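Dear colleague,

I am handing over the structure below, and after it you will find an account of what turned up when I went through it. Please read the account with the coordinates open beside you.

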Amino acid sequence: MIEEEEPLPGQPTACPPSTAHRLFQTLRRSLIAESFLTGEEKSSHIQAMKVRKMGRKGSKKDAHFHGGVSTETQSAGVPGTAKISRKSVKENTASASQASFIRKQVDPDTAKYFTEISNVLEGSEVDLEERSVICGNALEEARGKEVELATDYIISHTMQTLLEGCSLDNLCAFLRSCGNNLAYICMDRSGSHVVETALKSLARHLEDDDNHSLIEETLSTLIQAILVNPIDMICNCYGSHVIRGLLCLCKGVPIDSPEFHSLQSSTVLAERLNFQSSQLDGNKSQQTQPFPNQLKYLISEMVNPSRVDIGVLQVNQFSSLVLQTALKLLAGSEQDLFHTIPILLSCDVDNGVEGNLIEAKKAKKILRLVEENAYSHLMEVIVAVAPDSLYSEIFTKVFKSSLFRLSAHPCGNFALQALISHARNKEHITMMLEELDSKFKDMLEMGRSGVVAALVAASQRLQINESKCCQALADAVCSTNEPSACIVPRILFLDNYLYCSDKANWKWPSGVKMHVLGSLLLQTVFRFPSEFIQSYITSITSLEDNQVLEASKDPAGARVIEAFVTSNASTKRKRKLIIKLQGHFGELSVLPSGSFTVEKCFNASNMSMRETIVSELLPFQTELSKTKQGPYLLKKLDAEGFAKRPDQWRSRQTTRESAYKEFYEAFGPRDTQSSRSGNFLSSTHSKSQAEGLKGMRKEIYDGFSSSFSHKSGAPFLAHQGSAKRKKAENKQVPGGSGLPKDDDTFIKGKSKKQKVKTSGGIAENSHGTEDLHGEGLSIKNKRKRRRDG
């Protein structure tokens with residue numbers, strides 16, 4: 001019997017082996033395994049390897065879970081060997097002295113049996129019912145050998161197939177029979193995949209309510225096995241991923257849901273800048289949880305100070321991921337958060353009272369921990385999900401008076417961004433600005449534009465200190481003796497300007513890519529009421545014709561142009577900018593980002609400029625029809641109708657505008673003097689009204705357009721990676737996650753296409769069947785009733 005050697009507990013972890021060394025070890029293990037096989041067995045063994053394609057390569061999808069095992073956890077699969085930090089190694093000497101677990105090699109007869117099972121299951125002649133029986137029988141043969149089979153690099157793939165195809169009874173029996181060895185399986189490279197497959201199979205059986213009792217019993221067994229020594233599994237790169245899947249299963253959410261694992265940086269940025277609602281907000285709604293007691297029990301025991309060393313969990317990167325998932329799943333449950341978060345802050349939960357949980361000494365320790373990479377990520381989630389009173393205490397006792405210091409720190413600044421973007425009230429933003437408004441220039445020069453952007457977005461969201469915030473940003477890039485025309489160009493090329501040795505003589509750098517965060521800053525600024533951003537409006541309208549064209553061709557710059565065109569600025573100012581693009585709308589329309597700019601310019605133009613825009617698109621119709629957004633743009637602007645019958649086209653445009661104006665006068669907000677381009681979404685108090693306004697506006701708009709189904713394009717941040725965008729397009733709901741293109745596409749209702757009668761025929765509509773002449777009468781009647789009332 002050949003036994004694989006594992007490092008002893010507490011033994012220093014070796015440096016990551018080279019590629020050649022790993023290849024040598026793989027070949028060595030293969031030769032040892034083959035030495036036990038006869039000629040016939042070797043043949044079937046090699047054939048199975050080819051069919052199953054045993055190379056388990058790390059994909060981008062799960063790279064943040066399995067990719068690149070650090071030197072801290074090279075002893076994966078051995079409880080007690082996770083090297084957390086220098087301090088934790090000394091503190092956990094007792095735990096590290098446990099006996100090493102040595103996995104036994106699978107005997108040749110068993111290996112041959114499961115190879116034959118694999119060959120049978122891969123045949124197309126096995127029907128579903130027969131497949132379930134075969135899988136169940138094979139799992140019965142695996143009883144007592146679960147560890148050896150699940151952790152075998154080859155047979156583990158067969159075990160995954162069996163767990164996917166077996167009945168619920170066989171599945172639960174396999175998991176229960178793993179017993180106390182479950183931790184060893186979960187912490188193995190191959191075994192973790194087996195357990196994850198089993199959890200996904202359990203999730204599929206949740207659709208039948210009759211299965212809940214059996215699944216609940218199985219989950220209780222798994223949780224008890226994990227809690228025998230939870231810290232080793234939580235701090236393991238493979239085991240931590242299994243625990244996160246188990247937490248999601250207890251909550252009743254998809255195990256692979258990115259919402260509760262690691263979000264893309266573009267998604268996080270969109271949430272922090274108010275371009276997208278936080279996914280945690282949606283989770284706060286009380287949804288049906290299949291196993292709430294198991295979820296709460298597992299989380300409470302994972303952070304139980306009597307079971308685990310909280311100091312170890314705070315600084316380990318893998319335990320940080322587990323705790324982040326746990327907190328996200330508890331979002332909205334204030335009682336559980338009031339119990340869990342103080343423990344993660346190293347506070348005395350038993351003796352503390354609400355509002356006075358954090359002592360002065362603890363506050364200083366927390367502030368130091370925020371500068372640790374793992375704890376910084378954990379703090380981002382803590383401030384996002386913390387109840388309001390607990391958030392206020394964390395802000396006032398831990399962060400206040402140290403904001404600028406944290407903004408300069410490579411890790412701490414991300415926790416600060418989260419703290420700012422999740423500010424609960426106007427008082428918080430006021431205190432933050434008092435501490436940081438004079439430091440905008442310093443933060444930009446340090447490369448901390450994300451902190452500045454979070455502050456600007458928070459001021460816009462809570463509608464507090466708007467003028468002060470916009471002025472602070474302008475002062476950071478433009479001195480008092482310089483003209484305001486330089487503000488927008490310098491923010492568009494933020495890095496290029498800040499790192500210029502001669503800032504006084506800096507000029508627009510043609511051909512240079514525009515700064516993404518600078519673009520996002522300007523997009524946020526143009527969502528403020530126009531009275532607070534006059535200097536920015538003057539600056540953007542002062543751009544030269546060639547500069548406006550270059551900005552429109554750049555993905556980041558195009559979003560700024562669109563934000564200005566859809567802002568609260570006066571119509572005269574907007575058209576002053578639009579005219580500078582005259583003669584170039586055709587070439588812009590064929591660009592991926594330029595097509596959106598053309599559409600926004602069209603919506604903000606008068607009839608004469610609309611005719612100019614459409615006429616410039618006509619020579620590009622063939623080329624536009626081959627692009628993604630081109631067909632939609634041609635239909636939206638009704639280019640074909642304009643080419644055939646310009647007079648009727650003008651009539652339809654005029655009628656549509658008239659219908660919209662009546663609708664807006666009847667249903668538009670009374671407390672604002674915003675024009676048509678006003679951004680309803682800038683007000684957090686009228687969000688529900690904005691949804692209704694958008695739906696009715698789209699109904700009127702679509703009633704006068706041809707029957708073309710609108711599919712919104714990818715958001716701005718998605719333009720930065722076209723390969724990722726194409727992969728996500730099939731799953732993306734129109735107008736869903738990502739940065740919005742304007743207030744028209746930011747809120748998407750449910751699209752149920754129905755027919756609407758119009759003067760020009762029948763057109764598809766996304767809301768219902770209405771006669772537009774009747775709609776006009778109903779609007780007038782409503783206006784009359786409102787006056788009489």
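The expected span of a helix is 1.5 Å times one less than its number of residues. With that in mind, helix H13 (residues 212-226), which has 15 residues, reaches 21 Å from its first C-alpha to its last, close to the 21 Å expected at 1.5 Å a residue. Please keep in mind throughout that this is a predicted model.

To set the scene, the chain holds 48 helices and two strands, and buried residues make up 51% of its 789 residues. Of the contacts in the chain with a separation of 6 or more, 73% are accounted for by residues 24 or more positions apart.

Returning to H13, its buried residues are Ile215, Thr218, Leu219, Leu222, Ile223, Ala225 and Ile226. They cover an arc of only 160 degrees around the axis, which puts them on the same side of H13. What do the buried residues of H13 pack against? Their partners are helix H10 (168-178), helix H11 (182-186), helix H12 (189-204), helix H14 (230-234), helix H15 (239-251) and helix H18 (292-302).

One of those partners, H10, is itself mostly covered, with eight of its eleven residues buried. The buried residues of H10 are Leu168, Asn170, Leu171, Cys172, Ala173, Phe174, Leu175 and Cys178, and what covers them includes helix H7 (128-141), helix H8 (146-150), helix H9 (155-165), H11, H12 and H13. After H10 comes Gly179, whose phi is positive, near 55 degrees.

I then turned to pairs of helices, for which the usual description is the angle between the two axes together with the distance between them.

Helix H20 (residues 317-329) packs with helix H23 (residues 373-385) at an angle of about 5 degrees, their axes being 9 Å apart. Because angles under 35 degrees count as roughly parallel, H20 is roughly parallel to H23. On the H20 side the contact is made by Gln317, Ser320, Leu323, Gln324, Leu327 and Lys328, and on the H23 side by Ala374, His377, Leu378, Val381, Ile382 and Val385.

For helix H39 (residues 594-604) and helix H42 (residues 630-637), the axes come within 10 Å and cross at roughly 10 degrees, and H39 and H42 are therefore roughly parallel to each other. Here Ser595, Val598, Glu599, Phe602 and Asn603 of H39 make the contact with Tyr632, Leu633, Lys636 and Leu637 of H42.

Are helix H29 (residues 449-462) and helix H30 (residues 466-477) roughly parallel or roughly antiparallel? Their axes come within 9 Å and cross at roughly 155 degrees, which makes H29 roughly antiparallel to H30. The crossing of H29 and H30 is left-handed, and in it Val452, Leu455, Val456 and Ser459 in H29 meet Glu466, Cys469 and Leu473 in H30.

Finally, a single residue that you may wish to look up is Asp495, which is found in helix H32 (residues 494-498). Since its relative accessibility is 33%, Asp495 counts as partly exposed. Asp495 and Gly518 are 23 residues apart in sequence, and from C-alpha to C-alpha they are 8.6 Å apart in space.

With kind regards

Notes
Residues are numbered from 1 along each chain as its sequence is written. This is a predicted model: local features need pLDDT of at least 70, side-chain atom pairs count only at pLDDT 80 or more; totals for chains, interfaces and linings use all residues. Side-chain values use heavy atoms; hydrogens and water are left out. Helices (H or I, at least four residues) and strands (E, at least two) are DSSP runs, numbered from the N terminus. Buried means under 20% relative accessible area, exposed over 50%, partly exposed in between (1.4 Å probe, protein chains only). The arc is that of the directions from the helix axis to the C-beta atoms. Contact means heavy atoms within 4.5 Å. Axes are lines fitted to C-alpha atoms, for helices over the stretch in contact, and angles run from 0 to 180 degrees between N-to-C directions. Angles under 35 degrees count as roughly parallel, over 145 as roughly antiparallel, 65 to 115 as roughly perpendicular and the rest as oblique. A crossing is left-handed if the near helix is turned anticlockwise from the far one by less than a right angle, and right-handed if clockwise.
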